[in-house]
Amino acid sequence: TDPEQIRIQREQRKARLLQADLRVMQQALQDLALMISARADVGQILDTLLKGLHQGAGLERVMLAVLADGQSRFKAKRAVGEGTQAWLSDFQLPIGPGAEPHIFSCVLRNKEVLWMGVPATYSLNDLICAPMRQSLGAGMFFIAPLLAGQREIGVLYADCRLSGRALKNEQFVAFKRFTELTVRCLEALSAHK
């Protein structure tokens with residue numbers, strides 16, 4: 001009868017029901033492709049990106065963490081999925097001298113898209129620092145750098161930890177494709193400023 005327990009159970013049920021919707025995903029990919037030449041505003045690009053990953057690819061929690069405060073930390077800029085509202089106010093990871101190394105800065109520096117939690121990335125597990133575990137929990141996730149030309153914007157993060165389902169290869173392929181199109185949109189925008 002505890003209202004908090006009921007709310008959590010309801011969220012878990014809803015998360016279990018989230019399925020990939022190919023129609024939504026295709027539409028979001030098409031929209032992003034059009035936005036490259038149409039030079040849509042950043043808000044529209046990011047909304048399409050998050051909708052495509054969340055409702056289209058079926059990724060339960062998606063976050064865009066941007067470099068903030070003179071590039072001294074990552075801060076959650078946008079998030080979708082159950083329980084992600086707290087990320088917008090609470091999530092931040094310091095970077096730079098004196099800060100603990102972590103996967104967010106590693107991905108941005110190396111400009112590579114990673115699927116954490118599979119054998120190919122086990123060697124990077126020590127880059128999942130305590131503040132990340134506290135905010136995001138434990139388990140598999142996707143992570144990708146977001147750039148606008150040469151300018152580092154931040155990192156895209158996605159997981160399916162609410163239901164505990166394993167991430168799928170087709171979700172990773174979609175995640176990489178969405179990242180690629182978003183980078184091209186942001187690049188087109190920055191080139192015409």
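Here a visitor and a guide talk through a predicted model, asking how its sheet and its cysteines get their labels.

Visitor: What makes β3 and β4 the edges of the sheet?

Guide: Let's begin with the strand order, which in this open sheet of six strands is β3-β2-β1-β6-β5-β4, with antiparallel pairing. Residues 92-94 form β3 and residues 114-116 form β4; each has a single partner strand, so one side of each is left without a neighbour in the sheet. From one strand to the next, the twist averages 25°.

Visitor: How do you know that β1 and β6 are paired?

Guide: Two strands pair if there are at least two bridges between them. Strand β1 (residues 61-68) and strand β6 (residues 151-159) are joined by six bridges and run antiparallel, so they count as a pair. Arg61 stands opposite Asp159 in β6.

Visitor: Which helix lies across β1, β2 and β6, running at about 65° to β2?

Guide: That is α3, residues 42-56. Helix α5 (residues 103-110) lies across β1, β2, β3, β4, β5 and β6, and runs at about 50° to β5.

Visitor: Why is the count of disulfides zero?

Guide: The cut-off is 2.5 Å between cysteine sulfur atoms. For Cys106, the nearest cysteine sulfur is that of Cys129, 12 Å away, so Cys106 is in no disulfide. Cys129 is in no disulfide either, as its nearest cysteine sulfur, that of Cys106, is 12 Å away.

Visitor: And why are Cys106 and Cys129 called buried?

Guide: Buried means under 20% relative accessible area. Cys106 has 7%, so Cys106 counts as buried; Cys129 has 2%, and therefore Cys129 counts as buried too.

Key. Residues numbered from 1 in each chain as written. Predicted model: local features only at pLDDT ≥ 70, side-chain atom pairs only at ≥ 80, totals over all residues. Heavy atoms only, no water. Helix = DSSP H or I, 4+ residues; strand = E, 2+ residues; numbered from the N terminus. Axes fitted to C-alpha atoms, helices over the stretch in contact; angles between N-to-C directions. Contact = heavy atoms within 4.5 Å. Buried < 20%, exposed > 50% of the residue type's maximum accessible area, 1.4 Å probe, protein only.
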